[in-house]
Amino acid sequence: MQWTNFIPLVSGLVGAIIGALANAFLRDRSDRRTAREALVGEIARHASEILAALLEFFRARQIDGAGLEKWSALAALERALGQGTALEIRIFREFRARRVRTAYHRLLNRSEILKDALSSEQALSEKRFKTGTRWVEEQISESVRVASAAAGIDLVDRARLIFVGWRKVTLKDRQALSYDPDPLPWEYALALQFADPLPQDAVETIHRRSRDRIGDMVCAIHDRAPHVVLSGQSSNFRVEIDACCALFAEEVNLRFMGLGHAERGAPTP
Ligand SMILES: [Zn+2]
């Protein structure tokens, strides 16, 4: 992870500390609630500005190649993302719930990652751009959803334990609570989250074999690649597949199965 990814988090934390002190002295609960409700509206409004800026940048590249329009569209997009970081500081100030903070942070991350994909040497196709914007939009709805819920009900206790309900913590839960950027929707990704340390060559073998097996898979309907997480003990791990639909997940699972058997017990020095 790049060090720049920490800037919004650190500045957010500073904002939260200052905000908490100010709130304790200056505000009562109802003020706080009103501020939260207003922020939810701002998240939605500002997210649509980011989407519009992404679209303009995409169009400018299509029309203009590497000319002036591209740079002014990119500048507008950077400004929109910068305002997003400013908004994030206020979100940290008003919301204690980690889910609200991570949901918005992930929204900015996804927009930033799509911006990078749009800026790369090879221009994105119309189809890929649509897949990318849908992926950002999903995070916008998620962010608005958790923020609205938190504006009414606080699900986080003061001991900073995260309440996920009375069920097993799923891959989606872990992703929702994480500040890490997620990979582009059409790019295959594999994450290893083993409890025990694994030698580097075993890690490389797992990456290579899984890439050989499922690295080229993309859902024919949704244009999305599988995102796979292996967790637990390396001798007895769990495979979680984050896929766009049940049909594709099944397809990925079938191809991945052989790997699961081959690797079980194998990654020992
Ligand atoms: Zn699909």
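**Figure 1. Ala191 and its partner across the sheet.** In this predicted model, Ala191 sits opposite Val229, a residue of strand 2. Another facing pair to look for is Ala189 with His227, which again belongs to strand 2. From strand 1 to strand 2 the chain travels through helix 7 (residues 200-214), and this β-α-β crossover is left-handed. Strand 2 covers residues 227-233, runs parallel to strand 1, and is joined to strand 1 by 6 bridges.

**Figure 2. The whole sheet, strand by strand.** How many strands make up the open sheet, and in what order? There are 3, ordered 1-2-3, with mixed pairing. Strand 1 (189-194) and strand 3 (236-242) are the edge strands, each with a pairing partner on one side only. Going from one strand to the next, the twist averages 15°. As a bit of background, strands in a sheet pair through backbone hydrogen bonds, and they can do so parallel or antiparallel.

**Figure 3. The turn from strand 2 into strand 3.** Strand 2 and strand 3 are linked by a hairpin that uses 2 residues. These strands run antiparallel, with 7 bridges joining them. If you want one pair to find, try Gln233, whose bridge partner in strand 3 is Asn236.

**Figure 4. Gly232 and its surroundings.** Gly232 belongs to strand 2. Is Gly232 buried or partly exposed? It counts as partly exposed because it has 13 C-beta neighbours inside 10 Å, while a buried residue needs 20 or more. Setting aside neighbours within four places in sequence, Gly232 is in contact with Phe194, Ala195, Phe237 and Arg238. Try tracing the chain between Gly232 and Leu192, too: they are 40 residues apart along it, yet their C-alpha atoms are separated by 9.2 Å.

**Figure 5. Asp223, a loop residue with a positive phi.** You'll find Asp223 in the loop between helix 7 and strand 2. Its phi is positive, about 60°, even though Asp223 is not a glycine. Asp223 counts as partly exposed, because 17 C-beta neighbours lie inside 10 Å.

**Figure 6. The largest nonpolar core.** Now move over to the helices. The largest nonpolar core has 33 residues, and those touching the most other members are Leu54, Phe57, Ile91, Val100, Tyr104, Ala147 and Ala150. Which elements give two or more residues to this core? They are helix 2 (29-64), helix 3 (68-94), helix 4 (98-119) and helix 5 (126-152). Helix 2 gives the most, with 10 residues. Zoom in on Phe57 and, leaving out neighbours within four places in sequence, you can pick out its contacts with Ala73, Leu74, Leu77 and Leu118. Another core lies apart from the largest one; it has 6 residues, among them Ile214, Cys219, Ala243 and Val252.

**Figure 7. Helix 3 from end to end.** How far apart are the end C-alpha atoms of helix 3? They are 40 Å apart, which agrees with the 39 Å that its 27 residues should span at 1.5 Å a residue. The buried residues in helix 3 are Ala73, Leu77, Ala80, Gly84, Leu87, Glu88, Ile91, Phe92, Arg93 and Glu94.

**Figure 8. Helix 5 and its buried residues.** Helix 5 has 27 residues and reaches 39 Å from its first C-alpha to its last, close to the 39 Å expected at 1.5 Å a residue. Its buried residues include Phe129, Val136, Ile140, Val146 and Ala147. Thr131, Gln139 and Ser143 are also among the buried residues of helix 5.

**Figure 9. Ala117 and a partner further along the chain.** Ala117 is part of helix 4. It counts as partly exposed because it has 17 C-beta neighbours inside 10 Å. Ala117 and Leu184 are 67 residues apart in sequence, but their C-alpha atoms are 8.5 Å apart in space. Beyond neighbours within four places in sequence, Ala117 is in contact with Leu124, Gly132 and Leu184.

**Figure 10. Stepping back to the full chain.** The protein chain has 8 helices and 3 strands. Starting at the N terminus, the elements run α-α-α-α-α-α-β-α-β-β-α. Of the 269 residues, 28% count as buried. Among contacts between residues at least 6 apart in sequence, 71% join residues at least 24 apart.

Conventions
Residues are numbered from 1 along each chain as its sequence is written. This is a predicted model: local features need pLDDT of at least 70, side-chain atom pairs count only at pLDDT 80 or more; totals for chains, interfaces and linings use all residues. Two strands pair if DSSP finds at least two bridges between them. Helices (H or I, at least four residues) and strands (E, at least two) are DSSP runs, numbered from the N terminus. Axes are lines fitted to C-alpha atoms, for helices over the stretch in contact, and angles run from 0 to 180 degrees between N-to-C directions. A nonpolar core is a set of buried Ala, Val, Leu, Ile, Met, Phe, Trp, Tyr and Cys residues joined through C-beta atoms within 7 Å. A residue is buried if 20 or more other C-beta atoms lie within 10 Å of its own, exposed if 12 or fewer, and partly exposed in between; C-beta atoms are placed from the backbone. Two residues are in contact if their C-beta atoms, placed from the backbone, lie within 7 Å. The expected span of a helix is 1.5 Å times one less than its number of residues. A crossover is right-handed if, with the strands pointing away from the viewer, the path from the first strand over the helix to the second runs clockwise.
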